[in-house]
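Subject: Structure for your files, with notes

Hello,

Please find the sequence and the structure below. My notes come after them.

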Amino acid sequence: MQEYILQMQNITKKFPGVKALNNVNFSVKKGEIHALVGENGAGKSTLIKILCGVYPYGTYEGQIIFNGEEKRFATIKCVENAGIACIHQELHLAPDLSISENIFLNNKPNRFGIVNFDEMYRKTMELLGKIGLDIKSKNGVTPNDKIRNLGIGQRQLVEIAKALSVEAKLLILDEPTAALSEAETGILLNILDGLREKGVTCIYISHKLDEVMQIADTITILRDGETIETREKKNMSKETMIRLMVGRELKNMYPRVPHRRGALSFELKNYSVAHPDIMGKMLINNVNIKAYKGEILGIIGLVGSGRTELFTSVFGAFSEPARGEVFIEGEKVDIKSPMDALHNGFLLLSEDRKKFGLNLIMSIKENIILAALRKVAHWGVINSDKAVCETNRYINDLKIKTPSCEVLANTLSGGNQQKVVFAKCLMTVPKIIVLDEPTRGIDVGAKYEIYKIMNELVDQGVTIIMISSEMEEILGMSDRIITMSNGIITGEFEITEATQEKLMHASARREN
């Protein structure tokens, strides 16, 4: 029988008003990649925070046995010293330090207290090579580059290099590919394959079930704070995994229904945006788009296509100047700020919910009503009862898992935070909603609920523009699809003629 490197036995964790974990048992064999999956709020993050020392011994019930010894971790440092490295979904890097300084922040090579910078540089170069960061090309990174100058995907890979630098016995990856491109995801999965061959054990947490099926040896499913089942991958199908996660069958992941296209509600004419870094260059160049009432218009493009920057600019939230015309329901509008956009019935749900969508130290109620205070206030005074009533309606409709609308937003799981952002959008009763990566970091059950709400809004005459990196989502939910590349429109397809091959070909075009 293969030896277990980790056993978490009868783990129970309580918060005020809720039991997050209830007698959870989770065991990981040496040298395997063990996937931990479940819906948002299932307890995955809480379990990992216990293992990583964020919730120290004494704040939970149960036992942790690591390498055959019971561990009572008091601090995160104790966990690291034991040989456990955790890469959280929210990256923990110092932006003004270099790649090298971040990787060896608490482990600098030194002699008699004097840091050997040459040795640190050399080791960093080796690690960058292992994780596939481009270090040789003209635009490649070097160990001395500041973290703030890297893309999100590159920062994720630096976190992995940081974990590899301490030769961890157990590597925990929480949603490691959420911000990675397909190419970077492929690099990461190859790295994990190599680590498995070297005997490193990994716990892999992800909502991307195709990745789980590709990389995992064993899969454990949590639901509502309890262990549902552990199986070897060979005995688990994607459909079975979904059923065990949500507790019911989801026969159609993309519940697209026939929509009746109505009048023209949104139009861009010859819209261009200046490049923020290159003088005289256009980031968005002469874009023309039409969207209609009662349809979902999908927007897809590769990294750098300009799709997010385009609609951030239309929303009045992009720093660089734009030229062109914007029409809403046939009338030309002049949007200079997000407040102008809201007054004209145009709403953007940002891809970065924590930076642009939520105030994390405010309650769920305060976040939801924030953009529509007039609906719950009279003469500038908020009607508390009405605010609670409106908030609870959205909590119920969107199935936000929370004991109360007064709970702070930063205590929710990522998927439930996204639902709060969605509720905040719906509270404004917009005419046009731009959803930028609306289901990023959300589990399959929550995705299905969001899709159904999208359909309901479309049936009510709302225009939805959905930006997504997930090809299946675009094909599964759109009525019409526009492709972008290098700041221009490269294709437009009715859903009846769209295929994955056509969309990829159009998205990869470099010019008209």
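The notes go from the whole chain to its cores and then to single residues.

This is a predicted model, in which local features need pLDDT of at least 70 and side-chain atom pairs count only at pLDDT 80 or more, while totals for chains, interfaces and linings use all residues. Residues are numbered from 1 along each chain as its sequence is written, and side-chain values use heavy atoms, with hydrogens and water left out.

Whole chain

The chain has 17 helices and 24 strands; these are DSSP runs numbered from the N terminus, with helices being H or I of at least four residues and strands E of at least two. Its radius of gyration is 24 Å, which agrees with the value near 24 Å expected for a compact globule of 512 residues. That radius is taken over C-alpha atoms, and the globule rule is 2.2 Å times the number of residues to the power 0.38. The C-alpha trace spans about 70 × 55 × 50 Å along its principal axes.

Of the 512 residues, 51% are buried (buried is under 20% relative accessible area, exposed over 50%, partly exposed in between, with a 1.4 Å probe and protein chains only). The accessible surface is about 24,100 Å², and carbon and sulfur atoms hold 49% of that surface; areas come from the Shrake-Rupley method with a 1.4 Å probe, and for residues only the protein chains shown count as cover.

Among contacts (heavy atoms within 4.5 Å) with a separation of 6 or more, 67% join residues 24 or more positions apart. There are 64 positive and 64 negative side chains, and the centres of the two sets are 2 Å apart. Lys and Arg count as positive and Asp and Glu as negative, without His and the chain ends; each charge is placed at NZ of Lys, CZ of Arg, CG of Asp or CD of Glu.

Cores

The largest nonpolar core has 60 residues, and the members that touch the most others are I219, M241, F422 and M454. A nonpolar core here is a set of buried Ala, Val, Leu, Ile, Met, Phe, Trp, Tyr and Cys residues joined through side-chain atoms within 4.5 Å. Leaving out residues up to four places away in sequence, F422 touches L349, L398, L435, I450, I453, M454 and L457. A second, separate core has 33 residues, including M120, L157, A168 and L180.

M241 is also one of the buried residues of helix α8 (238–246), along with T240, I242, L244, M245 and V246. The cover over these buried residues includes α7 (209–215) and α15 (444–459), as well as the strands β3 (33–37), β11 (218–223) and β12 (226–232). G247, just after α8, has a positive phi of about 80 degrees.

Single residues

The contact lists below leave aside neighbours within four places in sequence.

L6 is in strand β1 (4–15) and is buried, at 0% relative accessibility. Its contacts are F26, S27, V28, L51, I64, I65, F66, L170 and I203. The C-alpha atoms of L6 and F26 are 8.0 Å apart, with their positions 20 residues apart along the chain.

S100 is in helix α3 (99–103) and is buried at 4%. S100 is in contact with M120, Y121, T124 and P143, and M120 is also a member of the second core.

L268 is in strand β13 (264–274) and is buried at 1%. L268 is in contact with V287, N288, I289, L310, V314, E325 and V326. From L268 to K290 the C-alpha distance is 6.6 Å, at 22 residues apart in sequence.

N270 is also in β13, but is partly exposed at 41%. Its phi is near 50 degrees, a positive value in a residue other than glycine. W379 is another such case, with phi near 55 degrees; W379 is in the loop between β19 (377–378) and β20 (381–382) and is exposed at 77%. Most residues other than glycine have a negative phi.

A322 is in strand β16 (322–328) and is partly exposed at 42%. A322 touches Y271, S272, V273 and S313. A322 and G414 are 92 residues apart in sequence and 33 Å apart, C-alpha to C-alpha.

Regards
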